[in-house]
Amino acid sequence: MNLFEFFRKKTSAPVARDRLQVLLAHERSVIGKSDLLATLQEEILAVIAKHITVDRDAVQIKLDRGASFSTLEIDVEVPLNAGKLIPRPAGETGVRASA
Amino acid sequence: MGKVLVVTSGKGGVGKTTSTAALGAALARGGENVVVIDFDVGLRNLDLVMGAERRVVFDLINVVQGDAKLAQALIRDKRIDTLSLLPASQTRDKDALTTEGVDKVIAELKEKFDWVICDSPAGIERGALLAMRNADLAVVVTNPEVSSVRDSDRIIGMLDSKTLKAEKGEKLDKYLLVTRYDPGRAARNEMLKVEDVLEILSIPLLGIIPESEEVLKASNIGSPVTLNNPDSAPSRAYFDAARRLKGEIVDVVVPLERKGLIGRLFGRRVA
């Protein structure tokens, strides 16, 4: 430790403030999102399950928060032999919806 | 119709019970009719801090379950007759509290008192949610320390989503009460400043309670600090906070201990 460092006392409170700001910015977005996404996933799955037999893992929901608008992307993989599948044009195997 | 105030924090040991007792007594001394309720079932302590531990006969759970009338469970303070305590149960399980039962008790208390102050247990579980459920306003108790600030941020999120007011789309007023503050250490950048905590949590400031030995002295005796030594620094800060709760505009200052000449010459504070 040189003389300069000795006199320039290191302080811990600014470090605490910076760590908190970074951490909370992250936690707020994650906690807010996970609640909403879990609810959406359950409810969308319930609606789909009323009409088509789908695997739970075949429904993917993604929420992207942008500065001016957010995108909700719902990706449902519909199996070819879906039991109660409503008639639709042959050859289509997946439904993709973006809102 | 009284106001329901929840004193909460997320983290334990930051001063919820001390602040509930001190604010309740400060409001009652100002002529308001106040009841303080302990929601910490199984780990009750408000009775002890208020010095009423030997007078507990019935508790919140007895009232919720219909085994006792509200009037039987309420304990009137011996020092101020406008201050009452509704203790928690020490022996029962916290699952004995039902949502409907708590709503009913709070509704009844709101008829009788100007202020219904709910002392929340630590954590974000059922007990804490029940304590905040009926709140019209919330006091978030925070120490200038990273883990307390983080937990307060979490509890603020819950106040905005898990209370009856939030569910109805109404605004719940939330206020920050910074406790155990040491202005000297904050000035030396060894402790988070109040401004830092305010900037991070972004809710209005209710008060700054300085770190003080008076708080422990008061709880040793079983008296809210605002009754035990009303002129001490923490008490003056609590009295100011109580006036702000009533809607008065009071400048926020950190009160300092008043010392005599001898104290000033020889008094040393151990940080």
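Which residues in α7(B) meet which residues in α10(B)? In this predicted model, B:V149, B:S152, B:D153 and B:I156 are the residues of α7(B) in contact, and their partners in α10(B) are B:V197, B:I200 and B:L201. By class, the residues of this contact comprise 5 nonpolar, 1 polar and 1 charged. Helix α7 of chain B covers residues 146-159 and helix α10 of chain B covers residues 194-201. Their axes come within 10 Å and cross at roughly 35 degrees. The crossing of α7(B) with α10(B) is right-handed. An α-helix has 3.6 residues a turn, so positions three or four places apart point the same way.

The loop between α10 and β8 (205-210) of chain B contains B:S202. This serine is not a glycine, yet its phi is positive, at about 40 degrees. B:S202 counts as exposed because its relative accessible area is 58%, and the cut-off for exposed is over 50%. A positive phi is also found at B:R180, another residue other than glycine, where the value is near 55 degrees. B:R180 belongs to strand β7 of chain B, which runs over residues 173-181. With a relative accessible area of 43%, B:R180 is partly exposed.

Helix α11 of chain B spans residues 213-221 and includes B:I221. The relative accessibility of B:I221 is 59%, so this isoleucine counts as exposed. B:I221 and B:I203 are 18 residues apart along the chain, and a distance of 34 Å separates their C-alpha atoms.

Helix α13 of chain B consists of the 13 residues 233-245. At 1.5 Å a residue, a span of 18 Å is expected for this helix, and its end C-alpha atoms lie 19 Å apart, which agrees. The helix is mostly covered, with 12 of its 13 residues buried. The buried set in α13(B) includes charged residues, namely B:R236, B:D240 and B:R244. Aromatic side chains are represented in the buried set by B:Y238 and B:F239. Alanines appear there as B:A233, B:A237, B:A241 and B:A242, and the set is completed by B:P234, B:S235 and B:L245. Just after α13(B), the phi of B:G247 is positive, at about 100 degrees.

Chain A contains 2 helices and 3 strands. Along the sequence, these elements follow the pattern α-α-β-β-β. The chain has 99 residues, of which 20% are buried. Of the contacts in chain A between residues at least 6 apart in sequence, 38% join residues at least 24 apart.

The two chains are in contact through 13 residues from chain A and 14 residues from chain B. The size of an interface is often given as the accessible area lost when the parts come together. Between chain A and chain B, the buried area is about 1300 Å². Carbon and sulfur atoms give 59% of this area. On the side of chain A, the residues that lose the most area to chain B are A:A13, A:R17 and A:L20. Together, A:A13, A:R17 and A:L20 account for 34% of what that side buries.

Notes:
Residues are numbered from 1 along each chain as its sequence is written. Chains are lettered from A and ligands numbered from 1 in the order in which they are written. This is a predicted model: local features need pLDDT of at least 70, side-chain atom pairs count only at pLDDT 80 or more; totals for chains, interfaces and linings use all residues. Side-chain values use heavy atoms; hydrogens and water are left out. Helices (H or I, at least four residues) and strands (E, at least two) are DSSP runs, numbered from the N terminus. The expected span of a helix is 1.5 Å times one less than its number of residues. Buried means under 20% relative accessible area, exposed over 50%, partly exposed in between (1.4 Å probe, protein chains only). Axes are lines fitted to C-alpha atoms, for helices over the stretch in contact, and angles run from 0 to 180 degrees between N-to-C directions. A crossing is left-handed if the near helix is turned anticlockwise from the far one by less than a right angle, and right-handed if clockwise. Contact means heavy atoms within 4.5 Å. Buried area is the accessible area (1.4 Å probe) that two parts lose on being put together, summed over both.
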